[in-house]
Amino acid sequence: MIYFIIIVLLVIGALVFILQDAKADIEELRRQYDLQHESHLIEKEKIRKDSTFRSSAVSWGNSIENFVPFMDIFPIPPEDVNFLGKPIDYVGFTYTDSKTDCEVHFIEVKSGNASLSVKQRNIKKAIQEGRVKWHEVRVEANKLK
């Protein structure tokens, strides 16, 4: 009987030791979780602020596009441009009365550190390399009388 009690006490002691060790492990995991959770919250706030900043930068860029033709830095008179918006902001035409001096201008407006998109870079390269085409599409006139 005494052996049984000793074995039970040893088993209980071992279980208590195992439970205390498990409790310490759980507390360590909880501490690591709390640190990681706090780190994620800080990172989430940084991302949110960056997103807000980028959104306001895009809004600013979209707003300023309408006024840029009237600024001194614009390369041609505002009355000679048409707003496209996408993928290039403006197309302009100068010296249209001249057979030899007539020019077509493609103008992209950027603000801050904005850079050209892949599509815009491809269009720029096509223009620079002379891969520009003219298409005339004719449709029948209205024949109602």
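# Salt bridges, a pocket and a few odd residues

Author: The count comes to eight salt bridges, and the model they sit in is a predicted one.

Reader: What makes the Glu108 and Lys110 pair a salt bridge?

Author: The rule asks for a side-chain nitrogen of Lys or Arg within 4 Å of a carboxyl oxygen of Asp or Glu. For Glu108 and Lys110 the N to O value is 3.4 Å, so the pair passes that 4 Å test.

Reader: And why are those two called partly exposed?

Author: Partly exposed is the band between buried, under 20%, and exposed, over 50%. Glu108 has a relative accessible area of 23% and Lys110 has 37%, so both land in that band.

Reader: How do you know that Arg131 and Glu129 are linked?

Author: Their side chains meet with an N to O value of 2.9 Å, and the limit is 4 Å, so this is a salt bridge too. Arg131 comes out at 46% relative accessibility and Glu129 at 47%, so each falls short of the 50% mark and counts as partly exposed. There's also a network here: Lys125, Glu129 and Arg131 are linked by salt bridges.

Reader: What about Arg138 and Glu136, buried or exposed?

Author: Both Arg138 and Glu136 are exposed, which means over 50% relative accessible area for each. They form a salt bridge as well, with the closest N and O atoms 2.9 Å apart.

Reader: Why does Asp89 have no salt bridge?

Author: The nearest side chain of opposite charge belongs to Lys110, and that is 6.1 Å away. The cut-off is 4 Å, so no bridge can be counted. Asp89 is buried all the same, and its place is the loop between β1 (81–83) and β2 (90–94). Leaving out residues up to four places away in sequence, it touches Glu65, Asn82, Phe83, Leu84, Ile107, Glu108 and Val109.

Reader: Which peptide bond is cis, and what is its omega?

Author: The one from Lys86 to Pro87, with omega near -10°. Pro87 is found in the loop between β1 and β2.

Reader: What is odd about the phi of Tyr95?

Author: Tyr95 has a positive phi, about 55°, although it is not a glycine. It is in the loop between β2 and β3 (103–107). With a relative accessible area of 56%, Tyr95 is over the 50% line and therefore exposed.

Reader: Why is Val91 called buried?

Author: The relative accessible area of Val91 is 10%, and buried means under 20%, so the label follows. Val91 is found in strand β2. Apart from neighbours within four places in sequence, it is in contact with Asp80, Val81, Asn82, Leu84, Val104, His105 and Phe106. Val91 and Gln120 are 29 residues apart in sequence and 13 Å apart in space, C-alpha to C-alpha.

Reader: Now the largest pocket: what is its volume, and which residues lie nearest its centre?

Author: The volume is about 570 Å³. Of the 24 residues lining it, Ala57, Val58, Lys110, Ser111 and Ala114 lie nearest the centre. Helix α1 (residues 2–64) gives the most to the lining, with eight residues.

Reader: How do you know what mix of classes lines the largest pocket?

Author: Sorted by class, the lining has nine nonpolar, nine polar and six charged residues. Lys counts as charged and Ala as nonpolar, so Lys110 and Ala114 from the centre fall in separate classes.

Technical notes: Residues numbered from 1 in each chain as written. Predicted model: local features only at pLDDT ≥ 70, side-chain atom pairs only at ≥ 80, totals over all residues. Heavy atoms only, no water. 1 Å grid on protein atoms, 1.4 Å probe; cavity = no way out; pocket = protein on both sides within 12 Å on 5 of 7 lines; lining within 4 Å. Points joined across faces, edges and corners; volume = space filled by probe spheres on them. Helix = DSSP H or I, 4+ residues; strand = E, 2+ residues; numbered from the N terminus. Buried < 20%, exposed > 50% of the residue type's maximum accessible area, 1.4 Å probe, protein only. Lys, Arg positive; Asp, Glu negative; His and termini not counted. Contact = heavy atoms within 4.5 Å.
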